[in-house]
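This report describes how the helices of one chain are arranged and which charged and nonpolar side chains can be located on them. Please keep the sequence and the structure in view while reading.

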Amino acid sequence: VTREDGAAAVLGTLLIELPLFQRNQVARGESSARLRRAQAALEALRRRVEEEVRLAVSRVKAAREAVAAFRAQALPALDENTRLVTKGYEAGELDFLQLLVIRRELLAARGEYLSTLEELNAAQANLDRAVGVVGQ
């Protein structure tokens, strides 16, 4: 309040900020940072999925080779051994205890084949999951 020519006058300042130079820079910076973080996370996920698929493919390949080797070599040999053991028992060359021991070994070998098949199926399921194949 001031006095001028005998009258009281009220002086004051009114301030209004106009956002001419401040064009939402804080929000833009935050959005840009979120975008960079999302892009980095996406790239990391892409690399992880690629590695997972590569590993799953190699496991399927190894399991297929093991199954193929079993089918080509071990299964025919197991069938031949079963036939020979049965024939030897029927001819009296093997007693019952020997027959049981040999048959148990043959069953264990067939169990290994089933384990190999299980590994193949698990590897294939893992590959299907890694590439996003939904139950077919």
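## Helix crossing

A crossing is called left-handed if the near helix is turned anticlockwise from the far one by less than a right angle, and right-handed if it is turned clockwise. In this predicted model, helix α1 passes helix α2 in a left-handed crossing. The axes of α1, which covers residues 25–90, and α2, which covers residues 96–131, come within 8 Å and cross at roughly 160 degrees. Angles over 145 degrees count as roughly antiparallel, and α1 and α2 are therefore roughly antiparallel to each other.

## Overall layout

The chain holds two helices and two strands, and, when read along the sequence, these elements follow the pattern β-β-α-α. Of the 136 residues of the chain, 13% count as buried.

One pair of residues illustrates how positions separated in sequence can be placed in space: Glu119 and Arg64 are 55 residues apart in sequence, while their C-alpha atoms are 9.2 Å apart. Glu119 belongs to helix α2, and, with a relative accessibility of 54%, Glu119 counts as exposed.

## Salt bridges along helix α1

Side chains of opposite charge can pair when their charged atoms come close. The structure holds seven salt bridges, and three of the pairs are described here, beginning with Arg46 and Glu50, whose closest N and O atoms are 2.5 Å apart. Both Arg46 and Glu50 lie in helix α1, where four residues, or about one turn of the helix, separate them. Arg46 is partly exposed, with a relative accessible area of 39%, and Glu50 is likewise partly exposed, with a value of 38%.

A salt bridge also links Arg47 with Glu43, and here the closest N and O atoms are 3.5 Å apart. Arg47 and Glu43 are both in helix α1 and are four residues apart, about one turn of the helix. Arg47 is partly exposed, at 46% relative accessible area, and Glu43 is partly exposed as well, at 30%. Glu51 and Arg54 form a further salt bridge, with 3.3 Å between the closest N and O atoms; because Glu51 and Arg54 are three residues apart in helix α1, about one helical turn separates them. Glu51 is partly exposed, with a relative accessible area of 44%. Salt bridges that share partners join Glu43, Arg46, Arg47 and Glu50 into one network.

## A nonpolar surface patch

Which residues make a nonpolar surface patch of about 250 Å²? The patch is made by Leu42, Leu45 and Val49. Of these residues, Leu42 lies in helix α1, residues 25–90, the helix that also carries Arg46 and Glu50. Leu42 has a relative accessible area of 57%; since exposed means over 50%, that value places Leu42 among the exposed residues.

How values were computed. Residues are numbered from 1 along each chain as its sequence is written. This is a predicted model: local features need pLDDT of at least 70, side-chain atom pairs count only at pLDDT 80 or more; totals for chains, interfaces and linings use all residues. Side-chain values use heavy atoms; hydrogens and water are left out. Patches are made of residues with over 30% relative accessible area and no salt bridge: like charges are joined within 9 Å, nonpolar side chains (Val, Leu, Ile, Met, Phe, Trp, Tyr) within 5 Å. Accessible areas come from the Shrake-Rupley method with a 1.4 Å probe; for residues, only the protein chains shown count as cover. A salt bridge is a side-chain nitrogen of Lys or Arg within 4 Å of a carboxyl oxygen of Asp or Glu. Buried means under 20% relative accessible area, exposed over 50%, partly exposed in between (1.4 Å probe, protein chains only). Axes are lines fitted to C-alpha atoms, for helices over the stretch in contact, and angles run from 0 to 180 degrees between N-to-C directions. Angles under 35 degrees count as roughly parallel, over 145 as roughly antiparallel, 65 to 115 as roughly perpendicular and the rest as oblique.
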